[in-house]
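Here's a quick tour of a few spots worth a look. Keep the sequence and the 3D view open while you read.

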Amino acid sequence: MMQIRPIYILLLFLLAAVFTGCKDDTESAGGSVLEKEDQILVRADTFPIRSNLLKVDSMISMPDSFLLGEMANSYGTLHADVLAQFACPIGFVYPEGAAVDSVCLCMAYRSWFGDGNTPMGITAYEIDLGEFDYERSYPTNLDPQEYVSSTSPQLLAHEKVVVAANRTDSVYSSASGTYYSVVRARMSDNFTKKFFAIRDFASQEEFNKAFKGLYVVSEFGSGTVLNIIDINIAVYYSFSYQKGVSDTIVHDVKAFYANSEVRQINCINYKDQDEVFAKLQADANYNYVAAPANIYTRLQFPMAKIQERINSRIDGKRPYVNMGKVKIDVDMSDDASVRDTWSSPAARMLLIKESALQRFFTKRELPSDTCALLAEFTKGTDKNGKNEYFYTYDMSALLTNQLRYSNNPDTLNMVMVPVDVVTTTSDNTTYIISIKQQQTVSATKTYSAENVAKPMNIEVVYSGF
């Protein structure tokens, strides 16, 4: 006789619970077959969520690209500068008799935020105080004065004036097949002589002693922020060698890059953050998330009430949450205050426990079902056939884990954080290998929990065994 495996029996019970639940929510799965203590109970509930804004003073700076400049927008006046070390070309030796022609600071940018026709001025100073620790994580609100003294000279031959939309120089990227605009600024004669005189390329540590790095800053203009993808110091030099009976002069260039082998910090602040935060906080119908770190949205789940309600409806059995759906609707109306020409909603939004926020990014953790959930910005169609935009989270594993705690907080606070994600693909499967707070500009306006049109809640389907 064919044996029916226990797992199949369990599945049949669950299916029965789903179908009978449509008729009577109080029925138990398999109630006519099993004793009460053996019954599998399946229930559904909807719990309201509260929401408010969370002001963020900084984030962990781990830039793949750099913001540089100043721009006024709906969330205040964003100002961004760069502190950068440069990688030592280990083992490099200038040819015998080489003479320097010039040294330039080169910065390639792929885009900008704000008005690309507004001029901005760029200057650079040498880092002459503290050194960076490669193993340490640095915040974006780092004070540059801790690393650059007031007497550090301006290192460019002249302040560089840039108009982002006016490409005067470019570089070709073979990886992307794209030309990127380049800001190329000639360094002063004093810096040129000093930098070319560095000859110790045996190690990064020794190179850092000779040259700690640069502080690159925009000192005038408040309409444009560049999104810089590459910073390097280019040394143009020449040397001669004898070919046959005559001397041949060769012109060459050596680039020193600000790359992942050394430390860079994007210093970011908002000049009028408190005033803007108070204004947005007064808007009860909407919540806001602005990147880079400025304003996040906090969701408050009534964890104690959820636990009490679920336990009471499954007769003290061991709880499992089969579905915990949270849908965050995004306002994309034409008159939305965040719809500035420079911004758009974040492509990916992390929902993370507020208690784990600092640790998660400092230790470079990855999303997990019991701490941090990742969602993509999604376009769909509502029941009336109109476009809708949203983020959706499945909190089933997180809630199942929380329900096992005997000392749950009254309120579980979670935070919406815009993030950048790096993935890799192996055997047709995509894996996340890195996640960090978004360091380019985005602005997301969501319906708040108090919004009458689209109130915020969590839909829960759960069972007890």
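## Y431 and its patch

Let's start with Y431, which sits in strand β22, a stretch covering residues 429-437. Bear in mind that this is a predicted model. Y431 has a relative accessible area of 44%, so it falls in the partly exposed class, between the 20% and 50% cut-offs.

Y431 also has company on the surface: together with V422 and I433 it makes up a nonpolar patch. Taken together, the three residues offer about 270 Å² of accessible area.

## R43, an arginine under cover

Over in strand β1, which runs through residues 41-48, you'll find R43. Its relative accessibility is just 9%, and because anything under 20% counts as buried, R43 goes in that class.

What does the side chain of R43 have for a partner? One of its polar atoms lies 3.4 Å from the backbone oxygen of R313.

## The cysteines

How many disulfides does the structure hold? Zero. Take C104, which is in no disulfide: the nearest cysteine sulfur belongs to C106 and is 5.6 Å away. A disulfide needs the two sulfurs within 2.5 Å, so that pair doesn't qualify.

Is C104 buried or exposed? With 8% relative accessibility, C104 is buried. C371 is buried too, at 9% relative accessibility. Both values fall under the 20% cut-off, which is why the two cysteines get that label.

Notes: Residues numbered from 1 in each chain as written. Predicted model: local features only at pLDDT ≥ 70, side-chain atom pairs only at ≥ 80, totals over all residues. Heavy atoms only, no water. Buried < 20%, exposed > 50% of the residue type's maximum accessible area, 1.4 Å probe, protein only. Patch = residues over 30% accessible without salt bridge, like charges linked within 9 Å, V, L, I, M, F, W, Y side chains within 5 Å. Areas by Shrake-Rupley, 256 points an atom, 1.4 Å probe, with all protein chains shown as cover. Salt bridge = Lys/Arg side-chain N within 4 Å of Asp/Glu carboxyl O. Helix = DSSP H or I, 4+ residues; strand = E, 2+ residues; numbered from the N terminus. Polar contact = N/O pair within 3.5 Å; in protein donor to acceptor, adjacent residues only side chain to side chain.
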